[in-house]
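Colleague: Please take a close look at a single part of this model, and explain slowly, for someone in their first year, how that part is built and what lies around it.

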Amino acid sequence: MHYDVIVVGLGAFGAATVYQLARRGVNVAGVDRFSPPHDQGSSHGDTRITRQAIGEGAAYVPLALNSHRIWRELEALSGAPLLEACGMLMLSDSRVATRGHGTADFAGETAALARSFGIEHDLLNAAEIAQRFPQFTGYSSHAVGYYEPGAGYVRPERAIEVQLKLAQQAGAALYPNTPVLSMEAYDGGVRVHTSAGTFTAGRVISCAGMWSAKLLGGPFPSLLKVCRQQLFWFELDEPERFAPDSPVYILLDGDADTDSCYGFPPLPGENAIKIATENYADSGDPDHIDRSINQADVDAMYEQHVAGRLAGVSRRLLRAKACTYTITPDFNFLIDEHPQLPGVTVVSACSGHGFKHSAAVGEALAMHYCRETGAADLSAFRLNKAAVSATR
Ligand SMILES: Cc1cc2nc3c(=O)[nH]c(=O)nc-3n(C[C@H](O)[C@H](O)[C@H](O)COP(=O)(O)OP(=O)(O)OC[C@H]3O[C@@H](n4cnc5c(N)ncnc54)[C@H](O)[C@@H]3O)c2cc1C
């Protein structure tokens with residue numbers, strides 16, 4: 001079977017890409033080793049924070065803004081709520097700059113980009129934080145808050161499901177439970193060898209998430225690191241502390257990656273908050289991720305990040321999940337041609353901050369493929385040729 005485009009991997013980025021191509025009338029197929037949405041990759045766990053002023057860098061801001069627009073379009077088409085703009089509070093300390101996702105002063109950069117892009121926000125001192133957000137406690141009198149009312153959370157599994165359904169309705173052929181075993185370029189296209197036989201395509205867009213290095217070879221195993229993360233849901237003793245408009249939050253702290261944390265208000269009908277830190281120390285093979293959660297990690301999370309910092313949250317763990325980040329050396333995205341496989345576009349080593357940009361990246365890739373003008377600029381995410389040769 002031949003397609004104009006085959007999208008490999010139908011998680012956050014693949015679902016968005018196959019949808020955007022299909023709605024433009026491209027003869028496209030999507031192939032996934034599981035049946036997305038699923039909980040074996042990087043896009044599960046109910047919620048992902050989305051912001052508009054993106055401290056990771058100016059190149060991401062147009063993507064986040066476009067994703068918000070697309071999610072609202074998808075909500076109108078599907079009737080499924082995807083984006084909850086409950087606001088985002090980022091707390092930091094005015095005396096120190098805290099690193100985040102490769103940015104030396106994450107809070108400072110966020111506020112600077114909000115100013116330069118005209119994104120609505122408030123800067124708060126400790127007294128104002130206490131008055132507006134009493135659920136957060138234990139921070140110093142030097143605390144400063146960045147509050148962005150248009151930020152919030154997006155529902156990852158639902159967003160993937162909606163885009164795949166709409167893609168199929170627009171004519172995309174979807175092959176779930178079909179692992180891609182290898183790919184090879186030939187004159188005029190790419191052969192995609194799967195468990196269900198070989199397909200060909202003029203172009204392949206590979207969105208294989210944490211399996212990217214294994215599937216793509218070349219420089220990618222040296223550039224991509226898969227890091228296990230854990231998500232915890234603690235039951236609320238005092239749900240009234242988290243009013244319906246309670247924001248998502250990022251509490252920036254300390255020098256180590258695990259010193260900062262982020263979390264979400266309770267979802268409608270739930271009596272728990274989800275909270276997590278970031279881990280870049282444990283990296284491993286995507287086929288052997290430890291998905292168990294041990295009590296010592298639960299206790300450490302509660303003691304370090306919940307007790308004394310979030311009012312009205314009990315020690316009772318309702319749920320926990322393991323998930324993975326696939327990170328590049330500088331925490332940036334990597335979206336470019338495969339240097340050794342002509343016809344293959346590599347997407348999605350999205351370094352733990354990709355979901356909020358996924359809808360827009362899918363749109364930009366489809367617009368580039370269809371040679372439409374006005375596509376978001378993805379040039380900041382090109383493979384750094386110097387870094388590639390350094391890995392050889
Ligand atoms: C715990 C956690 C919290 C996060 N928090 C945030 C957040 O708050 N905000 C934010 O913006 N981002 C966040 N992220 C990052 C974001 O979720 C990821 O960047 C994004 O989901 C990655 O999407 P993906 O498409 O690259 O990978 P995935 O969604 O994992 O998709 C990859 C797909 O490829 C398929 N696949 C792989 N290999 C093959 C193969 N050989 N053949 C066929 N199919 C294959 C897989 O089955 C999978 O479906 C978080 C990530 C984690 C893990």
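**A close look at helix α3**

Modeller: In this predicted model, the buried residues of α3 (under 20% relative accessible area, with a 1.4 Å probe and protein chains only) are Phe106, Ala107, Thr110, Ala111, Leu113 and Ala114. These buried residues lie on the same side of α3, because they cover an arc of only 165° around the axis, the arc being taken from the directions that run from the helix axis to the C-beta atoms. On the other side of α3 we find Arg115 and Ser116, which are exposed, a word that here stands for over 50% relative accessible area.

What do the buried residues of α3 pack against? Their neighbours are the helix α2 (61-78) together with the strands β5 (88-93), β6 (122-124) and β7 (143-148), where contact is counted for heavy atoms within 4.5 Å. Helices are DSSP runs of H or I with at least four residues, strands are runs of E with at least two, and both are numbered from the N terminus.

As for its length, α3 is made of 12 residues, 106-117, and its first and last C-alpha atoms are 16 Å apart, which is close to the 16 Å expected at 1.5 Å a residue; that expected span is 1.5 Å times one less than the number of residues. Just after α3 comes glycine 118, which takes a positive phi of about 65°.

Residues are numbered from 1 along each chain as its sequence is written. Local features need pLDDT of at least 70, side-chain atom pairs count only at pLDDT 80 or more, totals for chains, interfaces and linings use all residues, and side-chain values use heavy atoms, with hydrogens and water left out.
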